[in-house]
Amino acid sequence: MHDQKTLLENRLTRFVAEYVEPALYRATAPLGLSWWQAPGEPVGVEEALAQEYVPVQEGMAWGRPWSTTWIHVTGAVPEEWQAVADTSVELVVDLGFNGEHSGFQAEGLAWTPRGSTIKAISPMNNHVPLDATAPVDLYVEAAANPNVAHTRHVKGMDLQQPTPYGDPDTAGDEELYELRQCRLGLLDGQVWRLLGEIGSLDGLMRELPETLPRRAEILQALQRMLDVLDPDDIAGTAAAARAELVDVLSRPAYASAHHLTAVGHAHIDSAWLWPVRETIRKCARTFSNVVALADADPDFVFACSSAQQYAWVKEFYPELFERIKDCVTRGQFVPVGGMWVEADTNMPGGEAMARQFVAGKRFFLENFGVETEEAWLPDSFGYSAAMPGIVRASGSKYFLTQKMSWNQTNKMPHHTFWWEGIDGSRVLTHFPPVDTYNSDLSGRELALAEHQYREKGLATMSLVPFGYGDGGGGPNREMVATAHRMASVEGSPTVTMQSPRAFFDAAAAEYANPPVWTGEMYLELHSGTYTTQARTKRGNRRSEHLLREAELWASTAAVRLGAEYPYAELEELWHLVLLQQFHDILPGSGIAWVAHDAERNYAAIERRAEALIAAATTALAGEGDRYLVFNAAPHGRRGVPALGASEVRTAQPVTLARDGGDVVLDNGILRVVVDERGQIGSLIDAASGREAIAPDETALRLQLHRDLPNNWDAWDVDVHYRRSLTEIDGVDAIETEEGADAATVVVRRSFGSSTVSQRILLAAGSPSVEVLTELDWHEKHKLLKLGFPLDVHAATASAETQFGHVQRPTHANTSWEYARYETCAQRWMHVEEPGYGVVVSNDCLYGHDVNRTARADGGSTTTVRLSLVRGPEFPDPGADQGRHLSRVTIRPAAAIADAVEEGYRTNLPERVVTGAADVAPLLTVSNPAVVVEAVKLAEDQSGDVVVRLYESRGGRAAGELVAGFDVASVAFTDLLERPLGHGRCRATATGATLALRPFEILTVRLKRA
C-alpha cells in the first residue's frame, strides 16, 4: 500500500498536470498566418522579408529535413484583454515539438518587420512577448532540424539508432513537423508564479530525507494549497493558493547551507548533430533569448565561451551583436573561456592549443575590452596534462569542467582543487557538483550539488551553470525566477546569480590551500574519439604543420627579403583550423555533414597554405638550379640546418637482398627484415647490435577487433573489444622497389570487404624505418590496430602531448590504470628500459594502447599499438568508409630526445626547391632540448619576430637563442605577446640567454633594428 506522503505527492502531480498547467493562459485567439518556404539553404532576413508569402493555417505540415520556413504573423490583441489585471499578452507557438529537448528538433527565431531579432522559440520557451496596445506584426524563422538523436529505449537504456538525417543527400523530402499552434495567449501572472513555486517546493521536498520535519512541512503546505485551488476556477483561486506557500518559501536557508553561484549558460556545440551553418543560427536564437532576459532582469548573468560564436553573430547578426556588447558592458553577458572554440584538448598540437587562446582572448579584448581569466571546457572529452601550463601562459588562472563526472570507473576526488600540469604550472579548477552544464535549477539538482560537494568542512561554495545546452536555447524566464525564489530557502542551498569570475575569486579567497591533482584528467569514456573519422584527424595534423611552415617561411622571407607577410590570410586559416578542433568535429562525433565540411575545409587549408609556402620558399631560394631542401623542423637533418635550407649531403646507399622468403633492407644504420607474411621479423640498429622486436614475435601486425560499444557508437571503445581479435596476415602480393636513396617492400592484403597496401621503406641515412599504409576500408563496427611487440621491459610509456610528454604505466595495478586502456598520443610513443628505448611515430594517428606481457624466457614484451580506423554507425552511418593514408615510423635505440626529433621528422617532410643559395635559419637555439615550436611575425602587425619555444625532454635546459638579423630589443611575453618578467632568461644583443624548467613554454618577441 502507498503511504500517505506518496498519495499526497501523486495527487500533486496529477492536479498540476491536469488543472494548473492548462490554466496558464486565460484565453487564446487566432492570428493571420502566411509563409514562405525557402527552396534551399537559409537566407538572410532582408531576403526573406522581401518574398511573397502565401496564407496558411494551424495544422499545416511543414519542414523537409534541414529546410527553413518563414511564417508571417499578423493580427490584433482583443480589446478586452488589455483590462485584465496581472496578465500579459504573448504569441504562443508550437512548431510541432516532439518532446522537451531544446535544440534537437524544430527551432524558431522571431523577427520584427524591421529585421531585428526578438527571441527564440523552442519546446520549453515557446512564447514571444507582445505589446497589447499595438498591432501584431512579426516573422518566425522556423528551422526544420531533424531529430538526429533518435533513440530506442531497451531495458532502461536509450540506444542510439543510425539515421539518414545527418546527410542532406540521404535525409529525404518528407515533411517532419506540423504547425500545431501559432496564436495569441493571455498569460495569467498568478498561475505562472504558482507553477514555479510548486515546482521548486515539490523538487526540494522529494530530495529531503523522509525523517526531516522540513519535508513534512512542505508537503502539508502543498496539500493546503491544493485544497484552496478550485479546479473549476484556477485563475480565481491562484492568489489564495499561493498564500498557503508563503511561509515555507520565506524561511531562510540554514547558516551552514551550501552556497551556489548560478550562472546562466547555453553550451552550444559548434557542430554535432547539426552542421556549422545551423550552429550560427543557434547562436542567434540563444543570444536573442539571453539579451531579452538581461533587459528584463538586471540581476541575471550569462556566461558564454567560444569567440568563434561571437564572431559569427558579429558577421551575420550585427544588430544583435551590438545588443550583446551593451550587455557585456553591464556585466550581464560575460565572455569566458578565452578560446576560439571549446576544443578537444587531447589531439590539437601545442601551437594549435596556444592559438586557441591567442585567437579567443584577442577577440574578447578587441571587441569587449574583457580579459577572460577562466578556461571553460564543460564538455570536452578529457583534459591534457599540458593544459595548466598553456592556460597560465595565456594570462588565465582558472579552469572549469564537469565532464569528469562521466567517468565510468573512478570518481574524481575533488570539486575545487589545484590542477598541476607537466611544467609545474597550476590553475584553480572547479567541477560543478551538480554534474551538468544544463541545469534547470530544480530542487533535485540544487540538492544534488550540495550532497555531492566533496570539499565539505573545508569550503562552502560551488557553481551551477543553468540553461538548455548542447543544441542551445539557454536559460528561460522560469529558471531565472527560480534563481530568485530559491535565493535563501530552508533545506536548500543558497542561490546567487553572479559571474564565474566572482565565484572563482571568492573560492580562491575561501579555500587557501586546496588539494592538488597532477597530470592529465583522463575521461574514462569516449576514447574512440581518438580514432573515429580518421580523415578529419589527418586533416588536422596536416593543417597544423602546414601552418607552421607557412609562418616560418613567410617570416623568413619578410625579414630577409622585405616580402609582405600574409597576416590576414594566415589568421583566416588559423581560425578555420581552430574551428575544426571543436570537441565534436575533430573527435569525429558529429553527423556526416560535419565530417564532410571538415574534409572540404582541410582541403582548402592545404591548398592555400601550400601556396603561401611555395611563394615564400621560391622567393628565398632565388633563381638557380641547385636542389635545396627546406627543413621546417626544429632539428637539423642530413646536413640541412633546422629552420633553414641547404643541399643534402650524400648518405650510405640502401641495400635490398633476399634471404630465403625474407627481404633484408640495410642502410648501414638499420637492418630490417621483412618476412614472407609482410611483417617485420627483425629490426637491429648497427650501433648497439640489439634486436628491437620481441623473441618469437613480428612487428607491423594488423589486428582486427570487433568494436561494438555498449552505447555512444562514434565516441566509445569499450574494453571488451579486446576479447575478439583476428590477425590480418594473409598476403596477396609482396613486391620490392629499389631507388637511388631508398629501398621499399610493398605488401598488399585483402580482408572482409577491405584492402590494404603497406610500403615498408628504409631511406639512406635514416635512423628509422617508415611504413606508409594505404587502406580502402569498408568494415562496420570493427577496429583495426597496427601492433609493434618490442623486446623492451618498460614500466611506463611516454606519449607526446602539447609542449612535452606524459608517462603512463604499462600495467593495470589500480582501477585508474585499468580504465585507461585506450589513450591519446600525438606524434609519438616511446617505451624504454634503462639504456635502450624504441619510439613509434606517426603523421595522423592519435589512439594508442601499450601493454606489457611476460615471456617464457623470463623477459617481458612491451607492445605498442596504434588505432588506424573504426567503423561506427551513429551519428554517421558511413563513418570512415573509404580510403585512408597514414605514415608510421619505428626507430630503435631511441632516447626521449630522439622521440621528439622523430615526431617532427615524420610530420614535417623535407621540401625540395630549385634555387641559387642556401637559406640561413632566421633563429638558432644552441641546446637541442629547447625546441622551436613556432616562428611568426607579431599579432599586432608591427613586424616583430615572435618565437615560441619549449623544453622538450622533461629536464632543465639552458642555452642561447640567436637571431639571424639585427635586434633592437627582446621581450619575454605571454602567448598573446604581451611583455612579462622572466626570472631566469635574459635578453642579449643578439637574442636571449635561456634557462627553462622542465616542459616550460617560452614566448620571445624580438624587435628588428
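Student: In what order do the five strands of the open sheet run, and what is the pairing?
Tutor: This is a predicted model. In it, five strands form an open sheet, and the pairing is mixed. The strand order is 18-19-21-20-24.

Student: Which strands stand at the edges of the sheet?
Tutor: An edge strand has a single partner strand, so one side of it is left without a neighbour in the sheet. From one strand to the next, the twist averages 30 degrees. The edges are strand 18 (374–376) and strand 24 (516–518).

Student: In strand 21, what is the bridge partner of Thr-416?
Tutor: Strand 20 (residues 416–420) and strand 21 (residues 426–430) run antiparallel and are joined by five bridges. Within strand 21, Thr-416 has as its bridge partner His-430.

Student: At about what angle does helix 14 run to strand 19?
Tutor: Helix 14 (residues 500–510) lies across strand 18, strand 19 (398–400) and strand 21. Its angle to strand 19 is about 115 degrees.

Student: Is helix 3 parallel or oblique to helix 5?
Tutor: Packed helices are described by the angle and the distance between their axes. The axes of helix 3 (residues 189–207) and helix 5 (residues 234–243) come within 9 Å and cross at roughly 50 degrees. That crossing angle makes helix 3 to helix 5 oblique.

Student: How many nonpolar residues are in the contact of helix 3 with helix 5?
Tutor: The crossing of these two helices is left-handed. Helix 3 contributes residues including Val-191 and Leu-194, and helix 5 residues including Ile-234 and Ala-238. By class, the contact of helix 3 with helix 5 has one polar residue, three charged and, of the nonpolar class, seven.

Note on methods
Residues numbered from 1 in each chain as written. Predicted model: local features only at pLDDT ≥ 70, side-chain atom pairs only at ≥ 80, totals over all residues. Heavy atoms only, no water. Axes fitted to C-alpha atoms, helices over the stretch in contact; angles between N-to-C directions. Helix = DSSP H or I, 4+ residues; strand = E, 2+ residues; numbered from the N terminus. Parallel < 35°, antiparallel > 145°, perpendicular 65-115°, else oblique. Left-handed = near helix turned anticlockwise from the far one by under 90°. Contact = heavy atoms within 4.5 Å. Nonpolar A, V, L, I, M, F, W, Y, C, P; charged D, E, K, R; others polar. Pairing = 2+ DSSP bridges.
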